[in-house]
Amino acid sequence: KAQADALSQTATELAIAIDTVRDWLNTNDRLQLALGKIQELERQLKSQDEVVKRFQQQKLAANQVHSID
């Protein structure tokens, strides 16, 4: 569930970024703001990927413990 929530959050952030870029394409100033937002969202995406990776490792570790039992 946590992994799905993290992926859902990431998808929502990317959709917002796409909408933001479309809205701001009319001027260079707005484009620069959008690019900054995209960079921030990309950092968030990387962070979310790390969270997902930790959840996957924890899940794998839990499954290995149960398989030993």
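**Figure 1. Accessible surface and burial in the predicted model.** The protein exposes an accessible surface of about 5500 Å². Carbon and sulfur atoms account for 53% of that surface. Of the 69 residues, 16% count as buried. The model shown here and in the other views is a predicted one.

**Figure 2. Overall dimensions and secondary structure of the chain.** The protein is built with 2 helices and 0 strands. Helix α1 covers residues 2-24, and helix α2 covers residues 28-68. Along the principal axes, the C-alpha atoms fill a box of roughly 60 × 15 × 10 Å. The radius of gyration of the protein is 17 Å, whereas a compact globule of 69 residues would have a value near 11 Å.

**Figure 3. Distribution of charged groups in the protein.** The protein carries 9 positive and 10 negative charges. The mean position of the positive charges and that of the negative charges are 2 Å apart. The structure holds 1 salt bridge, and the residues that form this bridge are R43 and E40.

**Figure 4. Close-up of the salt bridge between R43 and E40.** The closest N and O atoms of the R43 and E40 pair are 3.0 Å apart. This distance satisfies the salt-bridge criterion because a side-chain nitrogen of Arg needs to be within 4 Å of a carboxyl oxygen of Glu. Both R43 and E40 belong to helix α2. The two residues are separated by 3 positions in sequence, about one turn of the helix. E40 has a relative accessible area of 31%, so E40 is classed as partly exposed.

**Figure 5. Close-up of T20 and its contact with I16.** T20 is located in helix α1. The side chain of T20 reaches the backbone oxygen of I16 at a distance of 2.7 Å. The relative accessibility of T20 is 12%. T20 therefore counts as buried, the cut-off for that class being under 20% relative accessible area.

**Figure 6. Close-up of D19 and A34.** D19 is a residue of helix α1. With a relative accessibility of 43%, D19 counts as partly exposed, a class that lies between the 20% cut-off for buried and the 50% cut-off for exposed residues. D19 and A34 are 15 residues apart in sequence. In space, the C-alpha to C-alpha distance between D19 and A34 is 9.7 Å.

Notes. Residues numbered from 1 in each chain as written. Predicted model: local features only at pLDDT ≥ 70, side-chain atom pairs only at ≥ 80, totals over all residues. Heavy atoms only, no water. Helix = DSSP H or I, 4+ residues; strand = E, 2+ residues; numbered from the N terminus. Rg over C-alpha atoms; globule rule 2.2 N^0.38 Å. Buried < 20%, exposed > 50% of the residue type's maximum accessible area, 1.4 Å probe, protein only. Areas by Shrake-Rupley, 256 points an atom, 1.4 Å probe, with all protein chains shown as cover. Lys, Arg positive; Asp, Glu negative; His and termini not counted. Charge placed at Lys NZ, Arg CZ, Asp CG, Glu CD. Polar contact = N/O pair within 3.5 Å; in protein donor to acceptor, adjacent residues only side chain to side chain.
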